[in-house]
Amino acid sequence: MSFLEIDRAVKQFGGLRAVSDVSFTLEKGEVVGLLGPNGSGKTTLINLVSGALPATSGDIRLDGLRLTGLSRDRIARAGVARTFQLVRTLPSLSLVENVMITAVFGRHAHWGAAARRVALGALEMVGLSDRAGVAAADLTYIDQKRLELARALAAEPEILLLDEWLAGLNPTELAEGVALIRTLHQGGLTILMVEHIIDAVRALCPRVVVMNSGELIADAPTDIALADPMVVSAYLGGEVDA
Ligand SMILES: Nc1ncnc2c1ncn2[C@@H]1O[C@H](COP(=O)(O)OP(=O)(O)OP(=O)(O)O)[C@@H](O)[C@H]1O
């Protein structure tokens, strides 16, 4: 049994099959890239794993527990946390308040002082603990991204789903972001990351899975997948420097 098992997952939106019979597994402690062109179904797949959307059919299991059909809250309690492509913070609340919310609804359902302690720990991990009392509205873009990650970490996940968390960062911030993800991985977290920045994927992910038009077209070591002609033509329009 693998840690995360995605077994023939399907998501149908009316006549559109956004995720079509996708199967792959992740072992505990792996960091895997989820690649594919715009509209290929990556975010939809993340939505199925995190419970933001119900699957049309198929099974998704974490450590043997069937997630399919469970509520989003129950899936968070099972140890799944994710970041969103569009950062979701509550601007009028302080950073620590923003993060406490996910500590409350996360794996261990902390409350009060315990939720605050977990939230401060998550802010520390992303380098924001010195600004815990600042309003989220006052953050720069990279710090909003850090806050979004802290919110996911405060849920104390077993598996972290990153949806283009590195997008929009400048080169210095990108290097910091890559280092941060590496630290999380080294701490034992299992990570599935949707990412378009190939240098970051190469730096972080020994293995990638690639989607195109809802289907899985590759599941291989990163160098091999990025040199696969089907991946090159589908995903990168032939422009990858593999
Ligand atoms: N809630 C929805 N209702 C209807 N169609 C949707 C919905 N969510 C996504 N889609 C469609 O499903 C397909 C896959 O979208 P998805 O966002 O999963 O792709 P993606 O690979 O994450 O793309 P990107 O890299 O641009 O984020 C697209 O055609 C999209 O328009």
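Let's start with the overall layout: in this predicted model, the chain splits into domain 1 (1–79 + 158–242) and domain 2 (90–156). The C-alpha centres of domain 1 and domain 2 are 24 Å apart. Where they meet, domain 1 contributes 10 residues to the contact and domain 2 contributes 11 residues. On the side of domain 1 that touches domain 2, helix 2 (72–77) and helix 6 (171–186) are the elements that give two or more residues. Helix 2 has the largest share of that side, with three residues. Sorted by class, the side of domain 1 that touches domain 2 holds five nonpolar, two polar and three charged residues.

Now for the nonpolar interior. In general, nonpolar side chains in soluble globular proteins tend to be buried together. Here the largest nonpolar core has 71 residues, and those with the most contacts inside it are Val99, Ala119, Ala122, Leu123, Ala150 and Ala154. Helix 4 gives the most to this core, namely seven residues. Because domain 1 and domain 2 both supply residues to the core, it lies between them. Ala122 is a good place to look: leaving out residues up to four places away in sequence, Ala122 touches Val99, Ala150, Leu153 and Ala154.

Helix 5 (residues 141–153) deserves a visit of its own. With 13 residues at 1.5 Å a residue, helix 5 should span 18 Å, and its end C-alpha atoms are indeed 18 Å apart, so the two values agree. The buried residues of helix 5 are Lys145, Arg146, Leu147, Glu148, Leu149, Ala150, Arg151, Ala152 and Leu153. Their cover includes strand 6 (80–82), helix 3 (95–105), helix 4 (112–126) and strand 7 (159–163).

From helix 3, Thr102 offers a view towards this part of the chain. Thr102 has 24 other C-beta atoms within 10 Å; the cut-off for a buried residue is 20 or more, so Thr102 counts as buried. Apart from neighbours within four places in sequence, Thr102 is in contact with Arg151, Ala152, Ala154 and Ala155. Thr102 and Ala150 are separated by 48 residues in sequence, while their C-alpha atoms are 9.1 Å apart in space.

Next, the ligand. Its surroundings are made up of Phe13, Leu16, Ala18, Gly36, Asn38, Gly39, Ser40, Gly41, Lys42, Thr43 and Thr44. Strand 2 (16–26) and helix 1 (42–50) each provide at least two residues of this shell. Helix 1 gives the most, with three residues. By class, the shell around the ligand comprises three nonpolar, seven polar and one charged residues.

Finally, two residues are worth a look for their backbone angles. Asp21 is found in strand 2, and Glu164 sits in the loop between strand 7 and helix 6. Asp21 has a positive phi although it is not a glycine, and Glu164, also a residue other than glycine, has a positive phi too. The table sets out their values.

| Residue | Phi | C-beta atoms within 10 Å | Exposure |
|---|---|---|---|
| Asp21 | about 55 degrees | 14 other C-beta atoms | partly exposed |
| Glu164 | near 50 degrees | 18 C-beta neighbours | partly exposed |

Conventions. Residues are numbered from 1 along each chain as its sequence is written. This is a predicted model: local features need pLDDT of at least 70, side-chain atom pairs count only at pLDDT 80 or more; totals for chains, interfaces and linings use all residues. A residue is near a molecule or strand if its C-beta atom, placed from the backbone, lies within 6 Å of it. Helices (H or I, at least four residues) and strands (E, at least two) are DSSP runs, numbered from the N terminus. Ala, Val, Leu, Ile, Met, Phe, Trp, Tyr, Cys and Pro count as nonpolar, Asp, Glu, Lys and Arg as charged, and the others, Gly among them, as polar. Domain bounds come from an automatic or database domain assignment. Two residues are in contact if their C-beta atoms, placed from the backbone, lie within 7 Å. The expected span of a helix is 1.5 Å times one less than its number of residues. A residue is buried if 20 or more other C-beta atoms lie within 10 Å of its own, exposed if 12 or fewer, and partly exposed in between; C-beta atoms are placed from the backbone. A nonpolar core is a set of buried Ala, Val, Leu, Ile, Met, Phe, Trp, Tyr and Cys residues joined through C-beta atoms within 7 Å.
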